[in-house]
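Reader: I should like a close look at a single part of this model, set within its overall architecture. Please begin with the whole and then proceed to the part.

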Amino acid sequence: MPSVAREADIIIVAAGRAGVVGAEYVKEGQTIIDVGINVNAEGKLCGDVAYAEVEPIVDAITPVPGGVGPMTIISLMKNTLKAARKEVYKD
């Protein structure tokens with residue numbers, strides 16, 4: 001799997017296991033979207049990507065917490081507003 005992941009420009013990780021994607025999975029220039037949310041041995045929230053290992057290598061990576069979650073909320077609010085406008089201006 002690491003060799004396949006290194007070929008991608010964008011990797012979206014949703015494995016459900018803390019730190020499963022490490023430096024061997026990535027290459028320079030990639031964008032990593034970490035969707036996972038886990039609690040590590042110290043009781044802190046972390047993602048499926050070993051952030052400290054991967055961050056110096058790739059061009060961009062979403063943090064956990066604070067990465068994908070806020071974007072999901074923004075998208076939900078945008079779609080709610082769009083649906084409300086359609087309902088108000090319905091013929």
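What radius of gyration does the protein have, and what value would a compact globule of 91 residues have? With that established, please look closely at Asp 48: where is its place in the chain, and is it buried or exposed?

Author: The model is a predicted one, and the description below should be read in that light. The radius of gyration of the protein is 17 Å, whereas a compact globule of 91 residues would come near 12 Å. Taken along the principal axes, the box filled by the C-alpha atoms is roughly 55 × 35 × 20 Å. Within the protein there are three helices and five strands, and reading along the sequence gives the pattern α-β-β-β-β-α-β-α.

Two further totals describe the chain as a whole. Buried residues make up 24% of the 91. The protein exposes about 6400 Å², and 60% of this is supplied by carbon and sulfur atoms. As for contacts between residues at least 6 apart in sequence, 45% of them join residues at least 24 apart.

Asp 48 itself is found in the loop that runs between β4 (45-46) and α2 (51-54). This residue counts as buried because its relative accessibility is 0%, and the cut-off for that class is under 20%. Two relations place Asp 48 with respect to other parts of the chain. The side chain of Asp 48 has a polar atom 2.9 Å from the backbone nitrogen of Gly 16. In addition, the C-alpha atom of Asp 48 is separated by 5.5 Å from that of Val 20, although the two residues are 28 apart along the chain.

A residue of the opposite class may be set beside this one. Ile 10 lies in strand β1, which comprises residues 10-13. Ile 10 counts as exposed because its relative accessibility is 54%, the cut-off for exposed residues being over 50%. Ile 10 also contributes, with Ile 12 and Val 35, to a nonpolar surface patch of about 290 Å².

One feature of the backbone remains to be noted. Val 64 and Pro 65 are joined by a cis peptide bond, with omega at about -5 degrees. Pro 65 belongs to the loop between β5 (60-61) and α3 (68-88).

To return to the part requested: Asp 48 is a buried loop residue, with a side-chain polar atom 2.9 Å from the backbone nitrogen of Gly 16.

Technical notes
Residues are numbered from 1 along each chain as its sequence is written. This is a predicted model: local features need pLDDT of at least 70, side-chain atom pairs count only at pLDDT 80 or more; totals for chains, interfaces and linings use all residues. Side-chain values use heavy atoms; hydrogens and water are left out. Patches are made of residues with over 30% relative accessible area and no salt bridge: like charges are joined within 9 Å, nonpolar side chains (Val, Leu, Ile, Met, Phe, Trp, Tyr) within 5 Å. Accessible areas come from the Shrake-Rupley method with a 1.4 Å probe; for residues, only the protein chains shown count as cover. A salt bridge is a side-chain nitrogen of Lys or Arg within 4 Å of a carboxyl oxygen of Asp or Glu. Helices (H or I, at least four residues) and strands (E, at least two) are DSSP runs, numbered from the N terminus. Buried means under 20% relative accessible area, exposed over 50%, partly exposed in between (1.4 Å probe, protein chains only). The radius of gyration is taken over C-alpha atoms; the globule rule is 2.2 Å times the number of residues to the power 0.38. Contact means heavy atoms within 4.5 Å. A polar contact is a pair of N or O atoms within 3.5 Å; within protein, one must be able to donate a hydrogen and the other to accept it, and residues adjacent in sequence count only if both atoms are side-chain atoms.
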